[in-house]
Amino acid sequence: MAHGKFTWKTTASGKFHFNLVASNGQVIASSQTYDSKDSCLAGIESVRKNAASHVEDQTVEGFATLTHPKYEVYVDKAGEFRFRLKARNGENIVGSEGYKAKASCLNGIESIKNHAPEATVVEEEEK
């Protein structure tokens, strides 16, 4: 099983943010900003808890709407494929970068499923 890590940091505005980083150093997904460190760390636990969720492919005509928690695969304004992981309450937990190919986007979801459950949590060092 691959082991990644969650890296969290305090932003310049005093808020908090985290990334899930794969074992190869690639950022798999990024969080929103949180007002407190505790909320940020709770977001990390939510990714861990919801990592095995099902995938709703919104790029397919007539797709079935699934219950939360779920990954949503969609096409952004630039025409790239993205995913977001939503919690049981429908809140966005993390989102991905844009991918040119849908297969790459789906690989990103698989990477979360493989990395998040055992990922360590570390504070990101200032550069």
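At 0% relative accessibility, Cys-105 counts as buried in this predicted model, and Cys-40 is likewise buried, with a relative accessible area of 0%. A disulfide is a covalent bond between the sulfur atoms of two cysteines. The structure holds 0 disulfides, so for a picture of how its parts are arranged we can turn to the sheet, the helices, the core and the charged pairs.

The strands come together in an open sheet of 8 strands, whose order is 4-5-6-7-3-2-1-8 and whose pairing is mixed. At the edges of this sheet lie strand 4 and strand 8, each of which pairs on one side only, and neighbouring strands are turned against each other by 25 degrees on average, with direction ignored. Strands of a sheet pair through backbone hydrogen bonds, either parallel or antiparallel, and both kinds of pairing can be followed here by walking across the sheet from one edge to the other.

Beginning at the edge formed by strand 4, we find 4 bridges joining strand 4 to strand 5, and these two strands run parallel; in this pair, His-54 stands opposite Lys-70 of strand 5. Further along the order, strand 6 and strand 7 pair in the antiparallel sense over 3 bridges, with Arg-84 standing opposite Gly-95 in strand 7. The hairpin of strand 6 and strand 7 has 5 residues between the strands, and within this hairpin Gly-90 takes a positive phi near 90 degrees. Strand 7 also meets strand 3, to which it is joined by 2 bridges in an antiparallel arrangement, and here Gly-95 of strand 7 has Ser-30 opposite.

Towards the other edge, strand 1 (residues 5-10) and strand 2 (residues 16-21) pair in the antiparallel sense over 6 bridges, and the bridge partner of Thr-10 in strand 2 is Phe-16. The hairpin that these two strands make has 5 residues between the strands, and its Gly-14 takes a positive phi near 85 degrees. Strand 1 pairs with strand 8 (residues 120-123) as well, this time in the parallel sense and over 4 bridges, and Thr-7 has Val-122 of strand 8 as its bridge partner.

Helix 2, which covers residues 102-115, lies across strand 2, strand 3, strand 4, strand 5, strand 6 and strand 7, and runs at about 30 degrees to strand 6. In soluble globular proteins, nonpolar side chains tend to be buried together. The largest nonpolar core of this model has 27 residues, and those that touch the most other members are Phe-6, Phe-18, Val-47, Phe-83, Val-94 and Ile-112. At least two residues of this core come from each of strand 1, strand 2, strand 3, helix 1, strand 5, strand 6, strand 7 and helix 2.

We can now look at the charged residues. Side chains of opposite charge can pair when their charged atoms come close. The structure holds 10 salt bridges, and one of them joins Glu-45 to Arg-48, with the closest N and O atoms 3.3 Å apart. Both of these residues lie in helix 1 (residues 37-50), where they are 3 residues apart, which is about one turn of the helix. Glu-45 has a relative accessible area of 41% and is therefore partly exposed, lying in between the limits of 20% and 50%.

A second salt bridge joins Glu-56 to Lys-70, whose closest N and O atoms are 2.7 Å apart. This pair links distant parts of the chain, since Glu-56 is in strand 4 (residues 54-57) and Lys-70 is in strand 5 (residues 70-75), 14 residues apart. Glu-56 is buried, having a relative accessible area of 2%, and Lys-70 is buried too, at 3%. Glu-56 and Lys-70 also belong to a network of salt bridges in which they are linked with Glu-72, Arg-84 and Lys-86.

Another salt bridge is the one in which the side chains of Asp-76 and Arg-82 meet, at 2.6 Å from N to O. Are the two partners buried or partly exposed? Asp-76 has a relative accessible area of 16% and is buried, because buried means under 20%, whereas Arg-82, at 25% relative accessibility, counts as partly exposed.

Methods. Residues numbered from 1 in each chain as written. Predicted model: local features only at pLDDT ≥ 70, side-chain atom pairs only at ≥ 80, totals over all residues. Heavy atoms only, no water. Pairing = 2+ DSSP bridges. Disulfide = S-S within 2.5 Å. Buried < 20%, exposed > 50% of the residue type's maximum accessible area, 1.4 Å probe, protein only. Salt bridge = Lys/Arg side-chain N within 4 Å of Asp/Glu carboxyl O. Axes fitted to C-alpha atoms, helices over the stretch in contact; angles between N-to-C directions. Contact = heavy atoms within 4.5 Å. Core = buried A, V, L, I, M, F, W, Y, C linked by side-chain atoms within 4.5 Å.
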